[in-house]
Amino acid sequence: MNTKNIKSKKKYVYCYVALIFFLVVLLPLMATRIFHSVKTPSPGEGSVTIPSEIRLYRTASKTYDTLGFEEYVAGVVAAEMPESFEKEALKAQAVASRTYALGRVSAGRKLCDSVHCQAYREDNISRKVRKAVEETKGQILMYDGRLAASALYFSSSGGDTENSEDVFMTPQPYLVSVSSDYEPGATHRNEKKTMKLSHFSAQIKESFPELDFGIINESSIVIRSHSRGGRVDKIKVGNQTLTGTDIRRAFNLSSSRFKLSFDKGKITLISNGCGHGVGMSQYGANGMAKKGKSYLEILSHYYSHTEVKKAKNR
């Protein structure tokens with residue numbers, strides 16, 4: 001075989017090896033990167049400005065502290081969501097908490113360290129929480145070009161989330177009922193409170209002294225309607241009609257998603273879920289993260305038609 005033919009065959013071998021390398025190694029790598037960039041786009045820049053510092057009212061000492069805005073967000077995430085939750089859930093919590101806090105600040109309202117605003121704990125900020133906050137620094141939720149200031153959240157839904165108007169009277173287009181099927185580890189399942197009907201009657205009358213209930217017995221306690229998310233909307237008690245939230249508060253239930261049963265002069269309230277049910281379910285977010293969903297996908301699911309944008313620094 002002459003030298004020319006050998007060189008020609010070697011050339012074809014090199015081309016063949018290069019083609020195999022491209023098909024087996026480079027092409028899958030390029031496709032993965034392209035797919036990932038489409039699936040989880042980076043947040044663009046928004047028009048909202050974040051302050052560098054905030055004043056926080058400390059309920060125990062009844063004084064104000066001044067601290068960095070992002071440091072405040074880290075303390076909120078540490079207080080509001082278990083550190084054991086998935087990183088993507090913690091990142092979703094950071095964006096929601098940052099958005100909600102900015103909404104209050106932008107409206108000239110105060111921030112406190114209790115659940116009246118958002119719980120805050122500076123002594124409980126783990127490395128995992130801090131990293132989740134740092135990786136979402138400045139990121140907020142926007143709806144139709146404006147801050148989604150009512151970025152509410154709660155512990156677990158026990159089913160679907162709620163329309164905001166069914167709980168707080170005021171409708172928000174991004175706070176609508178959605179499914180929350182990813183809550184396998186959620187607490188507050190089938191919680192039961194059993195009491196005598198006489199105790200139930202006395203508690204209701206004490207909670208609503210301005211109302212005349214008349215006779216309250218088994219036949220006069222009837223659930224009339226449910227909300228879109230499955231919680232009790234209206235319930236007849238004696239001569240009056242109350243809301244599911246009224247009953248939840250009167251008997252300190254974890255949720256207004258409850259059922260009733262009667263037996264031998266006693267009433268049992270069986271509730272599922274924890275919290276008001278509007279916005280993001282924290283256990284649902286964690287379940288989605290366990291299924292491989294990103295924080296952007298979690299936020300998009302629970303806050304309908306919103307976008308995550310990076311705010312400007314003041």
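The following questions and answers concern the predicted model of one protein chain.

User: What average pLDDT does the protein chain have?
Analyst: This is a predicted model, in which local features need pLDDT of at least 70, side-chain atom pairs count only at pLDDT 80 or more, and totals for chains, interfaces and linings use all residues. Residues are numbered from 1 along each chain as its sequence is written, and side-chain values use heavy atoms, with hydrogens and water left out. pLDDT is the predictor's confidence in each residue, from 0 to 100. In the protein chain 85% of the residues score at least 70, and the average pLDDT is 87.

User: Over which residues does pLDDT stay under 50?
Analyst: Where pLDDT is low, the predicted coordinates should not be read in detail. For the segment in question the model has 11 contacts (heavy atoms within 4.5 Å) beyond four places in sequence. The segment with pLDDT under 50 is residues 19-41.

User: How many helices and strands are there in the protein chain?
Analyst: Helices (H or I, at least four residues) and strands (E, at least two) are DSSP runs, numbered from the N terminus. Of the contacts in the protein chain with a separation of 6 or more, 68% are between residues 24 or more positions apart. The protein chain has 9 helices and 15 strands.

User: What percentage of the 314 residues count as buried?
Analyst: Buried means under 20% relative accessible area, exposed over 50%, and partly exposed in between (1.4 Å probe, protein chains only). The accessible surface of the protein chain comes to about 17,100 Å², with 52% of it belonging to carbon and sulfur atoms; such areas come from the Shrake-Rupley method with a 1.4 Å probe, and for residues only the protein chains shown count as cover. Among the 314 residues, the buried share is 43%.

User: Which helix gives the most residues to the largest nonpolar core?
Analyst: A nonpolar core is a set of buried Ala, Val, Leu, Ile, Met, Phe, Trp, Tyr and Cys residues joined through side-chain atoms within 4.5 Å. The largest one has 55 residues, and those touching the most other members include Tyr72, Ile140 and Met280. With 9 residues, the helix that gives the most to this core is α3 (residues 87-106).

User: How many residues are in the other core, which includes Phe251 and Leu253?
Analyst: In soluble globular proteins, nonpolar side chains tend to be buried together. Apart from the largest core lies another, with Ile267 and Leu269 also among its members. The number of residues in this other core is 19.

User: Which residue forms one aromatic cluster with Phe69 and Tyr72?
Analyst: Rings of Phe, Tyr and Trp (its six-membered ring) pair if their centres lie within 6.5 Å; planes under 30 degrees apart count as stacked, over 60 as edge-to-face and the rest as tilted. Phe69 and Tyr72 form a tilted pair, at 6.5 Å centre to centre and 55° between the planes, and both residues are buried. Because Phe69 and Tyr72 are 3 residues apart in helix α2 (residues 69-80), about one helical turn separates them. The cluster is completed by Tyr120.

User: Which residues of helix α8 are buried?
Analyst: Helix α8 (residues 282-290) is mostly covered, with 8 of its 9 residues buried. The cover includes α2, α3, β7 (153-154), β14 (280-281) and α9 (295-302). The buried residues are Gln282, Tyr283, Gly284, Ala285, Asn286, Gly287, Met288 and Ala289.

User: What distance separates the C-alpha atoms of Lys309 and Gly145?
Analyst: Lys309 lies in strand β15 (residues 307-313) and is partly exposed, with a relative accessible area of 21%. Lys309 is also among the residues in contact with Ile140. Along the chain, Lys309 and Gly145 are 164 residues apart, while their C-alpha atoms are separated by 9.8 Å.

User: Is Asn252 buried or exposed?
Analyst: Asn252 lies in the loop between α7 (244-250) and β12 (258-263). Its phi is near 55°, a positive value in a residue other than glycine. With a relative accessible area of 61%, Asn252 is exposed.

User: Which residues does Ser261 touch, not counting those up to four places away in sequence?
Analyst: Ser261 is placed in strand β12 and counts as partly exposed, at 31% relative accessibility. Ser261 and Glu218 are 43 residues apart in sequence and 9.3 Å apart in space, C-alpha to C-alpha. The residues that Ser261 touches are Lys266, Ile267 and Thr268.
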